[in-house]
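Me: I would like to go through this structure slowly, asking at each step what justifies the words we use for it.

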Amino acid sequence: MTDSRQRVYLVTGGAGFIGSNFIHYMFNKYDDEIFLINLDKLTYAGNLKNLSDIEKRDNYRFVRADICDREAVSKIFKEYDVDRVVHFAAESHVDRSIKDPEVFVRTNVLGTATLINCVKEAWQKEDGSFLEDHRFLHVSTDEVYGSLDEPKEGQEPDYFYETTPYDPHSPYSASKASSDFIVKAYVDTYSFPANITNCSNNYGAYQFPEKLIPLVIHNALSGKSLPVYGDGKNVRDWLYVMDHAKGIDMVLEKGKPGETYNIGGHNERQNIQIIKTILDTLLELLPEDDDRRGNVSYDLITYVTDRLGHDRRYAIAPDKIKSEIGWEPDTCFEDGIKLTVKWYLENEEWVKDVTSGDYQKYYEEMYEN
Ligand code: NAD
Ligand code: TYD
């Protein structure tokens, strides 16, 4: 059971990439001062191996459940006095959303609506106000703002600000935008104590190798082609996942209720630059006698048909979170990419597991009841 001095967190989607890094960050920082419940459905993207060093802690619980399951979510609030909800659970891959949009609407929109309503029921007092010092943080994306043009010669580049109108293009970003509007509606209608964070593309350990950076590392090591969509000049603004985790913690503690904060560190790179940097970093870090070295080559770069509706450029203006909360990233891209490539080199088993689907079969059996 929880200790009355411990602050209680409910994290949704904590077995995924950012969620599991956030859980590591929180236990590193707060150790026994917190009690943390991780609610995750364990889709293909959720992997409890990300948390194997955490699961034996007395102040950690895992609950396998779907955020669309009202009963399962409410049960947690009956068992625990939850102070903070950090909502990561989502379908998160743009390419999958183009193939199969419906599951994105179900989890990201209906799931967020179900979750936030359960939280409202648990935290709202009879007079309509909410329990003191309780906070819901909805983790969203800069993709809700749409796409920016490349800066023209002599012109100042555009950035996404918290005030930039929403203009999502992919089924993924449309579903995230909808979920943001549900959270905003709870803030405006009930004065529900929520924050929204919209961050740029994350990278780091434990990212499923369907996203650009881990896919390139994995394919290059096995000598497979590196698919570059379109001309390779689309720009993403990269954020080291532990800097993101720090930002979420700071918004929970210092953010003004109801406010949105953009999280990004001005790390804009063209996709083709990212791919070349990864190849260079692999060659720098792989020992001379490592068999995988021979596979790594610029010749693997293969231009393929562009993604449908491919957003050209994302770039965050992080001025508000810096001035109001004091957040700044600690990790520059050059260091972050080295740490990331090193992690994938040292954790080949993890990559094998998630790509083979073995871990999924295992957890189906583990949690069949
Ligand atoms: P991920 O796909 O790695 O993990 C998602 C997690 O949610 C998985 O553990 C999965 O099992 C769980 N999940 C999925 N559907 C669920 C459901 N119905 N009920 C309960 N759990 C469910 O995603 P991620 O990259 O860690 O992203 C986390 C959050 O951050 C998402 O909300 C995403 O939109 C947002 N985000 C991600 C990025 C990025 O670069 N990865 C950037 C901006 C915002
Ligand atoms: P991705 O990691 O899927 O993130 P998002 O679409 O949410 O930004 O893709 C990052 C960028 O890399 C995006 O512009 C699409 C591009 N991309 C490729 O060129 N090849 C690939 O194989 C993948 C997965 C992405």
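Reply: Let us begin with a definition: a salt bridge is a side-chain nitrogen of Lys or Arg within 4 Å of a carboxyl oxygen of Asp or Glu. Please keep in mind that the model is predicted.

Me: Why is the pair K320 and E259 called a salt bridge?

Reply: The closest N and O atoms of K320 and E259 are 2.6 Å apart, and because the cut-off is 4 Å, the pair counts as a salt bridge. This pair links distant parts of the chain, with K320 in helix α9 (residues 319–325) and E259 in the loop between α7 (241–254) and β11 (260–263), 61 residues apart.

Me: How do you know whether K320 and E259 are buried or exposed?

Reply: K320 has a relative accessible area of 17%, and since buried means under 20%, K320 is called buried. E259, with 25%, falls between the limits of 20% and 50%, and is therefore called partly exposed.

Me: What makes R106 and D66 a salt bridge, and where do the two residues lie?

Reply: The N to O distance between the side chains of R106 and D66 is 3.1 Å, which is within the 4 Å that the rule allows, so the name salt bridge applies. R106 belongs to helix α4, whereas D66 is in the loop between β3 (60–64) and α2 (70–79), and the two are 40 residues apart. D66, at 15% relative accessibility, counts as buried, while R106, at 34%, is partly exposed.

Me: What makes R7 and D133 a salt bridge?

Reply: Here the closest N and O atoms are 3.4 Å apart, and because this is within 4 Å, R7 and D133 also meet the rule. The pair links distant parts of the chain, R7 being in strand β1 (residues 7–12) and D133 in the loop between α4 (102–123) and β5 (135–141), 126 residues apart. R7 has 26% relative accessibility and therefore counts as partly exposed. R7 and D133 are also linked with R84 and E253 in a network of salt bridges. By this rule, the count comes to 26 salt bridges.

Me: How do you know that the span of α7 is close to what is expected?

Reply: Helix α7 has 14 residues and reaches 20 Å from its first C-alpha to its last, and at 1.5 Å a residue the expected value is 20 Å, so the span is close to expectation.

Me: Why is α7 called mostly covered?

Reply: Eleven of the 14 residues of α7 are buried, which means that each of these eleven is under 20% relative accessible area. Among them are V241, H244, I248 and L252.

Me: What makes a residue part of the surroundings of ligand 1, and how many residues surround it?

Reply: A residue is counted if one of its heavy atoms lies within 4 Å, and 28 residues surround ligand 1, with I18, D40, S92, Y172 and K176 the closest. By class, this shell has 13 nonpolar, eleven polar and four charged residues, and β5 gives the most to the shell, with three residues.

Me: Why does the pair formed by K176 and ligand 1 count as a polar contact?

Reply: A polar side-chain atom of K176 lies 2.6 Å from an oxygen atom of ligand 1, and because the limit is 3.5 Å, the pair qualifies. A backbone N or O atom of F88 lies 2.8 Å from an oxygen atom of ligand 1, and for I67 a backbone N or O atom is 3.0 Å from a nitrogen atom of the ligand. Taken alone, ligand 1 exposes 840 Å², and the protein buries 97% of that.

Definitions and conventions: Residues numbered from 1 in each chain as written. Chains lettered and ligands numbered in written order. Predicted model: local features only at pLDDT ≥ 70, side-chain atom pairs only at ≥ 80, totals over all residues. Heavy atoms only, no water. Helix = DSSP H or I, 4+ residues; strand = E, 2+ residues; numbered from the N terminus. Buried < 20%, exposed > 50% of the residue type's maximum accessible area, 1.4 Å probe, protein only. Polar contact = N/O pair within 3.5 Å; in protein donor to acceptor, adjacent residues only side chain to side chain. Areas by Shrake-Rupley, 256 points an atom, 1.4 Å probe, with all protein chains shown as cover. Nonpolar A, V, L, I, M, F, W, Y, C, P; charged D, E, K, R; others polar.
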